[in-house]
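Work through the exercises below with the coordinates open. Each one sets a task and then solves it in steps.

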Amino acid sequence: MNRVRDPFNLHNLTLNRGPGTIAAINILRATATTAATEFRDRAEKAAASAAQQAVETAAKAAEFAEQAAERTRDAVGAVAEAAEAAAKEVERALDQAAFQSQSDLEQGVLLLAAEEPPEEEDIEDMASFSIPRHVPSFTDPVRQAEDRLWAATRQRAGQAGGGGVLGGVQDKVGGFLNPDRTSLPMYKDKPYGYGPGGGRPRPLLRKKRVLGFLTLVVLGLLWFTGFFDEHHERAVAKLGDWGWLSSDTKARSKADWLRRRERVVEAMELSWDAYERYAWGYDEFHPVSKTGRHMAPKGLGWIIIDSLDTLMIMNLTSRVTHAREWISRSLTWDQDQDVNTFETTIRMLGGLLSAYYLSTEYPNLAPINDDDIGAPGEDLYLEKARDLADRLMSAFDTPSGIPYASVNLGKFQGLPSHADNGASSTAEATTLQLEFKYLANLTGEKDFWDRSEKVMQVLDDNQAPDGLVPIYIQPATGHFHTSNIRLGSRGDSYYEYLIKQYLQTKKAEPIYQDMWDDALKGIRKHLVTYTENSGFTIVGERPNGLKGNLSPKMDHLVCFLPGTIALAATEGLSEREARKKPGFWNKQREADMKLARELMQTCWGMYRYMATGLAAEITYFKIPSDPAPESASHTSPPDSIFDDPAGPDATWRKDYEVHHFDAHNLQRPETVESLFYMYRITGDVKYREWGWEMFKSFVNYTAVEDGGGFTSLSNANVIPPVTKDNMESFWMAETLKYFYLLFSPEDLLPLDKVVFNTEAHPLPVFEVGRLLKTGWERKPRSSAETKSA
């Protein structure tokens, strides 16, 4: 007779208990059937729950991936593919688990169903049955089936109170067969859970692994796109998403102008974030190649410091925080590096002083706790400015007091120019005063004031005829070098700082107003004339001195002039207020405002002439062989002349000429600077509209794809333009700032409360005391022209 494995001792129960045992067996059979049914139901529910959880998890992963995609469009495809692959992996894992569980379930049901009571004749044949000596048999096929069943249904390690799919059934069956059992499982050689790592992996574990893999993929993509950077604000909008570029609708309300101002903020964010991402800490940024370069071994913060106050004015707090951290942790002036005295003063010293002014006087602009009164970093900007100024002072160590062109920062040593026989640029030597005078006012260090002011005295002692100064001056002698006179490069900001020095000290130094008045008269007399065809007003050059011929050449730099003339005419007031001020308005101020309007129109034409709508670096004009003086009878053309339907053949275009090598555009700010002044002073909305058209041209033709920011152009007179792969620091420091202020309410940085240095850094108007005041007087004027050195 075949021996049948009897794990429940049914043989002895049958022999010893007679018919009652059959009832027990029937109960066991019914209980087993119930257990199998309950197992199947629970397995189905568990599978459904697991599937639902997987769907929810996949949905969450998809949502997370979608958020990541908003930060970088380039990663969308990869995230979607990863989420889809992971979801399929989850589905395959669940299908495999369900299939295995179903297989085990079927085997278990077959096993339990096979445990039927023996027939009557079999009972008799089992009279000779004896319990095997070695129980249980681990190689028996039935035992292997049981192994698979229990492995598939074991409880989680450490789970209290039964649980699991078969937990309750085990207790019921075990309790029936062994009423005295209180803690041991039905099979004490098959505990509920295997040891760590034992048995085959649970479906839940499989699911966790898949979800973990999905999470790692998504996190990896987010890390690659810079999501987890400490400063992760990235502007990723592409030009195609900017539908406003193609809109010709005019602004009709304050809300419209504020929306346009937001477009400027977006451009600033794109520019800054591109620099932050590809060239952080570098002094130069090349947006097309997405690289940077230092101007000094440890960097000078050329772009960071120059752009800082623009970020403040636009209230971009997190970006200001990042910039401030770099200044605090990385900026040092103690480097063996030659720098240009003028550029370093207007950009670095001016930028730091402006940041200090805004952080103290306008605490609600990009507020940072480290700037608060009493905070450890309260004077960070001022301390850095003072350190730099002490080094720049070495440039003034010359026989005449005219500063050298360069300074070695680490050696505290002034250096003469390597060109022009060591001469310094006149504009560069005389465009340091606003910065050093304000620093003197903050620190009480009179030396900053005296040495910068000395430059103005030495220059004025040359008694330049009609207030027009040549563009070079010798530090060794204090005399002019060459006779070239122009308001473009090397001459421009001398005139600008005359009137601004007068306004900076609340008009306490009229000597600078006198110098400005003389210069403006000289400009009218020697440099202003009108074009031949349409009568545009221009400011030319005298390359060979005042006795030489007038050259009809205008640098874009000259377009600072209309705004500066208007500022001087009203002294920072609106034209309406100035006209109402008792004893203030006169015919001369009226004539100055007329000249400012005419020059502004000419500068706007320099933009309209170019194919891209962006002005060339240099423009020439067609004038008669015998140029008409400024005093000649003249009627300026209407603004509608630029809308001539003749297009390229329009008459007005014949007055403009751009040479091939002058067609580059460096993102310069002078025209929008003047538009800002002209709108603030006149209130004429056309200046805002002209600025909006200019801004759209910058966005349309200088923006770099793939989040590169904006670049200057090598040729702005062809479409598509030829890029130069360089972003000047004044793009963010000046050009975008003036666009922002042009579209802002008039009470933001009012012109009677601040003066802007030549790099657009706002500095406050302040009162001078007993120590800080003008320490010189002008010599009596003579009619003789000062000879060149």
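The model is predicted.

**Exercise 1. The surroundings of Trp326**

Task: Find the helix that holds Trp326, decide whether Trp326 is buried or exposed, and list its contacts beyond the sequence neighbours.

Solution.
- Step 1. Locate the residue. Trp326 sits in helix α10, which covers residues 317-329.
- Step 2. Check accessibility. The relative value for Trp326 is 8%. Buried means under 20%, so Trp326 counts as buried.
- Step 3. Set aside neighbours within four places in sequence. Trp326 then touches Trp280, Gly281, Lys298, Leu300, Gly301, Ile304 and Leu331.
- Step 4. Take one of these partners, Gly301. The C-alpha atoms of Trp326 and Gly301 are 8.4 Å apart, with the two positions 25 residues apart in sequence numbering.

**Exercise 2. A sheet of three strands**

Task: Give the strand order of the open sheet that contains β11, and name its edge strands.

Solution.
- Step 1. Read the order. The strands run β10-β11-β12, and the pairing is antiparallel.
- Step 2. Find the edges. β10 (553-555) and β12 (656-657) each pair on one side only, which makes them the edge strands.
- Step 3. Examine one pairing. Three bridges join β10 to β11 (residues 618-621) in the antiparallel sense.
- Step 4. Pick out a facing pair. Lys553 is opposite Tyr620 of β11.

**Exercise 3. The disulfide**

Task: Search the whole structure for disulfides, then describe what the search finds.

Solution.
- Step 1. Count. The search returns one disulfide.
- Step 2. Identify the partners. Cys559 and Cys603 form the link, with 2.1 Å between their sulfur atoms. The cut-off is 2.5 Å.
- Step 3. Place both ends. Cys559 is in the loop between β10 and α18 (561-570), while Cys603 is in helix α20 (residues 587-608). The two cysteines are 44 residues apart, and the pair links distant parts of the chain.
- Step 4. Assign the hand. The angle about the S-S bond is -100 degrees, and the link of Cys559 and Cys603 is left-handed.
- Step 5. Check burial at each end. Cys559 has a relative accessible area of 0% and is buried. Cys603 is at 1% and counts as buried.

**Exercise 4. Salt bridges within a helix and across the chain**

Task: Count the salt bridges, then analyse Lys446 with Asp450, Asp518 with Arg778, and Lys686 with Asp639.

Solution.
- Step 1. Count. There are 40 salt bridges, with a cut-off of 4 Å between side-chain nitrogen and carboxyl oxygen.
- Step 2. Take the pair within a helix. The closest N and O atoms of Lys446 and Asp450 are 2.7 Å apart. Both residues lie in helix α15 (residues 446-460); because they are four residues apart, about one helical turn separates them. Lys446 is partly exposed at 33% relative accessible area. Asp450 is partly exposed at 30%.
- Step 3. Move to Asp518 and Arg778. Their side chains meet in a salt bridge at 3.0 Å, N to O. Asp518 belongs to helix α17 (residues 510-526) and Arg778 to the segment after β18 (762-764), so the pair ties together parts 260 residues apart in sequence. Asp518 is partly exposed at 26%, and Arg778 is partly exposed at 23%.
- Step 4. Extend to the network. Salt bridges link Asp460, Asp518, Arg778 and Arg781.
- Step 5. Finish with Lys686 and Asp639. The closest N and O atoms of this salt bridge are 2.6 Å apart. Lys686 is in helix α22 (residues 686-702) and Asp639 is in the loop between β11 and β12, 47 residues apart. Lys686 is partly exposed at 24%, and Asp639 is partly exposed at 27%.

**Exercise 5. Gln667 in its loop**

Task: Place Gln667, decide whether it is buried or exposed, and find the backbone atom that its side chain reaches.

Solution.
- Step 1. Locate the residue. Gln667 lies in the loop between β12 and α21 (670-682).
- Step 2. Check accessibility. Gln667 is buried, at a relative accessible area of 0%.
- Step 3. Follow the side chain. The side chain of Gln667 reaches the backbone nitrogen of Glu728 at 3.4 Å.
- Step 4. List the contacts, leaving aside neighbours within four places in sequence. Gln667 touches Phe698, Phe710, Thr711, Ser712, Asn726, Met727, Glu728, Phe730, Trp731 and Thr735.

Key
Residues numbered from 1 in each chain as written. Predicted model: local features only at pLDDT ≥ 70, side-chain atom pairs only at ≥ 80, totals over all residues. Heavy atoms only, no water. Buried < 20%, exposed > 50% of the residue type's maximum accessible area, 1.4 Å probe, protein only. Contact = heavy atoms within 4.5 Å. Pairing = 2+ DSSP bridges. Polar contact = N/O pair within 3.5 Å; in protein donor to acceptor, adjacent residues only side chain to side chain.
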